[in-house]
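The following questions and answers concern one protein structure. Please keep the sequence and the model in view while reading.

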Amino acid sequence: MSASPAQEIVTAAVIVIGDEILSGRTKDKNIGFLADYMTAIGIDLREVRIVPDELPRIVEAINVLRLRCDYVFTTGGIGPTHDDVTADAVAAAFEAPVVEDERILAMMKERYAEGDLTPGRRRMARVPKGADLIDNPVSGLPGFHIGNVFVMAGVPSVMQAMFDGLAPRLATGRKMLSKTIEAHRPEGIVATPLGEIQDAHPGTAIGSYPYFDGEIFSTRIVIRARDADLLEEAAADVQKMLEGLAKNDKTS
């Protein structure tokens, strides 16, 4: 669904759950995917938190971010082991009981023989009472959502498939446009005039990103705005500033 004019900006936060991410054992691949996807469809990712498999920490993050943003997306912690406590944390945040969802149990009974439906596997059927399900076309067992909190798997291929199916149901706002300009000089040279350009264009966000290409230090300037005219006006001023620096280089 599309956002109404009053919802021109739709915001989101991501909570990545897992001790394995914090220890470095597993390298997160979900944050970048979600950031790119949300930017493309018109949702502003405002904050990302990585929290351990500790129920109070997850509850705290959910309760802070679900009030701050239109959407909260979590990844990880919905597997069969004792430390998969995301369902319990979301239920606690919403003060709802945890129940075995009959829809998920039915899926499991189709997938597993009766003797293979272990207590660990049944844990994956536990959701907060009243939650709706998020389809999982990869491995079958769904995620869930309650209120504005959407709970997805941590495995990147599964999470990505879940979000693909979920995205059309989300409200979206006006997309952020961007333009990148190569400064061809170190960040310290452009920092002051770039700050002046930012002050002159409050409807834009201008960032500078230094890098070393193996031979010289240079800077990429990224201008972002929701209005195309504002974007082009700021970009023109950045180009003019860079041209002025180039002329000074030739005369000095």
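Q: Which residue stands opposite Phe 212 in S11?
A: This is a predicted model, in which local features need pLDDT of at least 70, side-chain atom pairs count only at pLDDT 80 or more, and totals for chains, interfaces and linings use all residues. Residues are numbered from 1 along each chain as its sequence is written, and side-chain values use heavy atoms, with hydrogens and water left out. Strands, like helices, are DSSP runs numbered from the N terminus (E, at least two residues, for strands; H or I, at least four, for helices). Eight bridges join S10 to the antiparallel strand S11 (residues 217-225), and the residue of S11 opposite Phe 212 is Phe 217.

Q: Which strands lie at the edges of the open sheet formed by three strands?
A: Two strands pair if DSSP finds at least two bridges between them. The open sheet has the order S9-S11-S10 with antiparallel pairing. Pairing on one side only marks the edge strands, S9 (177-182) and S10 (205-212).

Q: At about what angle does helix H8 run to S10?
A: Axes are lines fitted to C-alpha atoms, for helices over the stretch in contact (heavy atoms within 4.5 Å), and angles run from 0 to 180 degrees between N-to-C directions. Helix H8 (residues 187-200) lies across S10 and S11. Its angle to S10 is about 175°.

Q: Which helix gives the most residues to the largest nonpolar core?
A: A nonpolar core is a set of buried Ala, Val, Leu, Ile, Met, Phe, Trp, Tyr and Cys residues joined through side-chain atoms within 4.5 Å; buried means under 20% relative accessible area, exposed over 50%, and partly exposed in between (1.4 Å probe, protein chains only). The largest such core has 31 residues, and Ile 58 and Ile 62 are among those with the most contacts inside it. Elements that each supply at least two residues include H3 (55-68), H4 (86-93) and H5 (102-111). With five residues, the greatest contribution comes from H3.

Q: Is Glu 95 buried or exposed?
A: Glu 95 lies in the loop between H4 and strand S4 (98-100). Although not a glycine, Glu 95 has a positive phi of about 55°. Because its relative accessibility is 75%, Glu 95 counts as exposed.

Q: What is the approximate phi of His 184?
A: His 184 lies in the loop between S9 and H8. At 60% relative accessibility, His 184 counts as exposed. His 184 is not a glycine, yet its phi is positive, at about 60°.
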